[in-house]
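Here are my notes for anyone opening this one for the first time. Have the model on screen and follow along point by point.

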Amino acid sequence: MTWTAVTQHRAKLGEGPFWDAPTQALYWVDIAGRQALRLIGNNVQIWQMPEHVSAFIPCASGDALVTLSSGVYRLDLDSPGLEPRLKLFCIADPQPGNRPNEARCDVQGRLWLGTMQNNIGDNGEDLPIVRRSGGLFRVDPDQRVTPLLRGLGIPNTLLWSDDGTTVLFGDSLDDTLYRYFIHADGNLDVGSPWYGPDQNGGPDGSAMDAEGYVWNARWDGSCLLRLTPDGKVERKIDLPVSRPTSCVFGGDDLKTLYITSAQSPHHHPLDGAVLSMRVDVPGKLCTRFAG
């Protein structure tokens, strides 16, 4: 497979790619750089956030959600990049010292948000993780917040089965992706290990293709793993970045895979870039927030 850097922009900690099919736009964030970014055609728009931002998801109402350290906010997409107009939507995790990390919407358009102990300093430097204070929360369009899991380390990957009965959710502190059964009332059963640990770096964000295979970015592994629906490695895709962080399917046929990445001590020229590559199997659509 051949890859391309889609822009000249290099993030400190690129994450959370989202493909909006109706507008053919790619959304992503630089968590440490406090930026929300959108690519339409060759045009990159950047909104500078006042805090660390882990996800940037368009809404059915025409604005977007951004998950910031102090809460989930609505962003006016017509506001200028250096003076973004933000309105607090909800505080999903009130735990002091936590920040958001993984966040995606299920097929019903509800936001699932994983949080963790903040590990990023004021200048973007790494801070040690000393407690499992994170959680997983579901945010409904009516602003209702439902806690689902507690005691998480580094939440990564959120993917749902087609029938909505299970969710794949990872904890990078455990080097493991777990499968959870979703009860009829929306609560989660005890998770069972689905994949990991693995020698190819640690599990970060993932995307699912139309065949139900999971494409998992491997932090410090310089690769993606394509995993079968029952959690076996089908192939390994080497990448020219040290720390791929997540991926999403996009393009008009959903056969372009976009991969976010982070800076690393290895200082590879493409670290922090968003890469794209053509694949032979289309992916699944991203869902906007329903509010």
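1. Let's start with the aromatic rings. This is a predicted model, and the count of aromatic pairs in it comes to nine. Take Tyr-178 and Tyr-180: their ring centres sit 6.4 Å apart with the planes at 55 degrees, so this pair is tilted. Tyr-178 counts as buried, at 17% relative accessibility. Tyr-180 is buried as well, with a relative accessible area of 9%.

2. Another pair to look up is Trp-215 with Phe-249, which is edge-to-face, with 5.8 Å from centre to centre and 85 degrees between the planes. Here the pair links distant parts of the chain: Trp-215 belongs to strand E19 (residues 214-219) and Phe-249 to strand E22 (residues 243-250), 34 residues apart. Both Trp-215 and Phe-249 are buried. Rings also gather elsewhere, since Phe-18, Tyr-27, Trp-47 and Phe-56 are linked by ring pairs into a cluster.

3. Phe-56 turns up again in the nonpolar packing. The largest nonpolar core has 35 residues, and Phe-56 is among those with the most contacts inside it, along with Met-49, Val-66 and Leu-111. Which strands supply at least two residues each of this core? They include E3 (25-30), E6 (53-58), E7 (64-68), E8 (71-75) and E9 (86-90), and further along the chain E10 (98-105), E11 (111-117) and E12 (134-139). There is also a second, separate core of 16 residues, which includes Ile-237, Leu-275, Met-277 and Val-279.

4. Zoom in on Met-49 for a moment. Setting aside neighbours within four places in sequence, Met-49 is in contact with Arg-34, Ala-36, Val-66, Leu-68, Leu-75, Pro-84 and Leu-86. Val-66, one of those partners, is itself listed with the most contacts inside the largest core.

5. Strand E3 also holds a charged residue, Asp-30. What is the nearest side chain of opposite charge to Asp-30, and how far away is it? That is Lys-12, 6.5 Å away; Asp-30 is buried yet has no salt bridge. Apart from neighbours within four places in sequence, the contacts of Asp-30 are Ala-11, Lys-12, Leu-13, Gly-14, Gln-35, Leu-37 and Val-53.

6. A second aspartate, Asp-171, sits in strand E15 (residues 166-171). Is Asp-171 buried or exposed? Its relative accessible area is 3%, so Asp-171 is buried. Not counting residues up to four places away in sequence, Asp-171 touches Arg-132, Leu-152, Gly-153, Ile-154, Thr-176 and Tyr-178. That last contact, Tyr-178, is the residue whose ring pairs with Tyr-180.

7. Now for a loop. Pro-229 lies between strand E20 (223-227) and strand E21 (233-238), and it counts as partly exposed because its relative accessibility is 38%. Leaving out residues up to four places away in sequence, Pro-229 touches Arg-179, Trp-194, Glu-211, Gly-212 and Tyr-213. Pro-229 and Ser-161 are 68 residues apart in sequence, and their C-alpha atoms are 9.8 Å apart in space.

8. Finally, a word on the annotation. UniProt, in an unreviewed entry, lists residues 13-263 as "domain: SMP-30/Gluconolactonase/LRE-like region". Over that stretch, the chain is 0% helix and 54% strand. How far apart are the end C-alpha atoms of residues 13-263? They are 6 Å apart.

How values were computed:
Residues are numbered from 1 along each chain as its sequence is written. This is a predicted model: local features need pLDDT of at least 70, side-chain atom pairs count only at pLDDT 80 or more; totals for chains, interfaces and linings use all residues. Side-chain values use heavy atoms; hydrogens and water are left out. Helices (H or I, at least four residues) and strands (E, at least two) are DSSP runs, numbered from the N terminus. Buried means under 20% relative accessible area, exposed over 50%, partly exposed in between (1.4 Å probe, protein chains only). Contact means heavy atoms within 4.5 Å. UniProt positions are given in the numbering used here, feature names are shortened, and annotations may be inferred rather than shown by experiment. A nonpolar core is a set of buried Ala, Val, Leu, Ile, Met, Phe, Trp, Tyr and Cys residues joined through side-chain atoms within 4.5 Å. Lys and Arg count as positive and Asp and Glu as negative; His and the chain ends are not counted. A salt bridge is a side-chain nitrogen of Lys or Arg within 4 Å of a carboxyl oxygen of Asp or Glu. Rings of Phe, Tyr and Trp (its six-membered ring) pair if their centres lie within 6.5 Å; planes under 30 degrees apart count as stacked, over 60 as edge-to-face and the rest as tilted.
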